[in-house]
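Subject: A structure to look through

Dear colleague,

I am handing over the structure below, and after it you will find what came out of going through it. Please keep it open beside you while you read.

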Amino acid sequence: MTRTTWTIQRVPSISGSLRVGAYLASGLAAVLVAGLLLSLLGLHPLALGGQVLHQSLGSRYGFEDLLLLASPLVMCGLSVALMLRVGLWNIGADGQFFVGAICAAGVGLYGPHWPLLPMLVLMGIAAALGGAAWIAVPALARLTLGTSEIITTLLLNFVARLLVDYLATGPWRDQHSSVTAQSPRIPYAIPKLPHDWHLGGVHWGIAVSVALAVVTALAFRFTRWGYELRICGANRNAAAYAGMRVRRRLLEAMLIGGAIAGIGGMLELAGTVHRLQSGLSNSYGYVGIIVAVLAASSPVGAIVTGLLMALVLNAGTVLQTHGIPASASVALTGLILMFAAIGERLAHYRVVVLHPRAPAPLSARTAA
């Protein structure tokens, strides 16, 4: 007598809905584990969760803070997602974010004295060029020498932060302030959204972030350039065999990714912080990696996951009010990334039931 058995098979690709479902289940698992840890610390996780939702979504000011926090996360997530589409990792979005802010601050402080809008455009161009230039060396090293872009872009983060520290405490230091680690106030600020929108505390940077994500998604979907990027990311050998210029496309993706992170630095500088200082980036580049992974490298998905990660960072702020250190939010984001990675891997496997083969008809066995 034969028995029905089962086995586990790996599928090379999964549908988008299954991927989203895996991420949702992973996020729920991460929240449950975080709640369990909070319970072990003697806190009430449901009450804390309610406070997080109320402070982030239940009030106008909380929602404005959420949008302000989401803007740099979307930009950094978009930068990482663009490179993930071609099979490369951008761990250095934080450094490109800083360099973009440096270039924008240099133009704002020492550039021409034009009206506000032309100056903001000029600062944005300078930030984009700065971010692209900062990733140019890792890009060329990757494409010519095969050097891991993960290591090179990561190490440049520390260089960029030290460069900001040097400028903010040295040649660009505010001579008229008691704070010795920041530049003078940038005289050009991104305007706020109209008061009629009931988001008067939010600047236009969030709209720029969303627009860039949508434009990138449309370019991926409807242009030959985006099509070739997708093919290069899926199979570089096949792309080269089809006559595509693979190295050029990879270089373009890396430079544009760096430029987007640089523009993110400019938006944060001219929209929120208004001074060059080392606290300009709250590890936005690193969180951007989680944003891109959770979004499955989708530019539009980065908008949603950027808001989600902003909510997680806000949760860290609420936890601090209950005596839990700020590192708890970092641990929470790491927990979400770990569960997301596990969920994405598990989604590629499925259980297959092996039914016993039915016996051949008697006539067929006789003929054989």
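Just after helix 11, Ala296 takes a positive phi of about 55°, in what is a predicted model. The helix before it, helix 11, spans residues 284-294 and is mostly covered, since ten of its eleven residues are buried. Among those buried residues are Tyr284 and Gly285 at the beginning of the list, and Val293 and Leu294 at the end of it.

Ala296 comes up again when one turns to the pockets, as it is one of the residues closest to the centre of the second largest pocket, together with Arg19, Leu84, Ser297 and Glu344. That pocket has a volume of about 490 Å³ and is lined by 15 residues, which divide into ten nonpolar, one polar and four charged. Helix 1, helix 11 and helix 13 each supply at least two residues of this lining, and helix 13 gives the most, with five residues.

Which helix gives the largest share of the lining of the largest pocket? It is helix 1, from which 14 residues come. The space in the largest pocket is about 1100 Å³, and of the 39 residues that line it, Gly27, Val31, Val312, Leu332 and Ile336 are the closest to its centre. Two or more residues of the lining are given by helix 1 (16-40), helix 2 (45-57), helix 12 (299-320) and helix 13 (327-346). By kind, the lining of the largest pocket divides into 31 nonpolar residues, seven polar and one charged.

The next topic is the nonpolar cores. The largest nonpolar core has 82 residues, and those with the most contacts inside it are Leu73, Met123, Met266, Leu269, Leu276 and Met309. Helix 3, which covers residues 60-84, contributes the largest share of this core, with 13 residues. To see one of these core residues in its surroundings, you could look at Leu269, which touches Ala101, Ala104, Ala105, Met123, Ile186, His274, Arg275, Leu276 and Leu280, leaving aside residues up to four places away in sequence. Apart from the largest core lies another one, of six residues, which include Leu67, Leu68, Leu193 and Ile206.

A smaller detail can be found at Thr152, whose place is in helix 6, residues 149-169. A polar atom of the side chain of Thr152 lies 3.2 Å from the backbone oxygen of Ser148. If residues up to four places away in sequence are not counted, Thr152 touches Pro138 and Thr147.

Finally, here is the chain as a whole. The protein chain has 14 helices and two strands, and its C-alpha trace spans about 100 × 60 × 40 Å along its principal axes. Of its 368 residues, 46% count as buried. What percentage of the contacts between residues at least 6 apart in sequence join residues at least 24 apart? The value for the protein chain is 76%.

With best wishes

Notes
Residues numbered from 1 in each chain as written. Predicted model: local features only at pLDDT ≥ 70, side-chain atom pairs only at ≥ 80, totals over all residues. Heavy atoms only, no water. Helix = DSSP H or I, 4+ residues; strand = E, 2+ residues; numbered from the N terminus. Polar contact = N/O pair within 3.5 Å; in protein donor to acceptor, adjacent residues only side chain to side chain. Contact = heavy atoms within 4.5 Å. 1 Å grid on protein atoms, 1.4 Å probe; cavity = no way out; pocket = protein on both sides within 12 Å on 5 of 7 lines; lining within 4 Å. Points joined across faces, edges and corners; volume = space filled by probe spheres on them. Nonpolar A, V, L, I, M, F, W, Y, C, P; charged D, E, K, R; others polar. Core = buried A, V, L, I, M, F, W, Y, C linked by side-chain atoms within 4.5 Å. Buried < 20%, exposed > 50% of the residue type's maximum accessible area, 1.4 Å probe, protein only.
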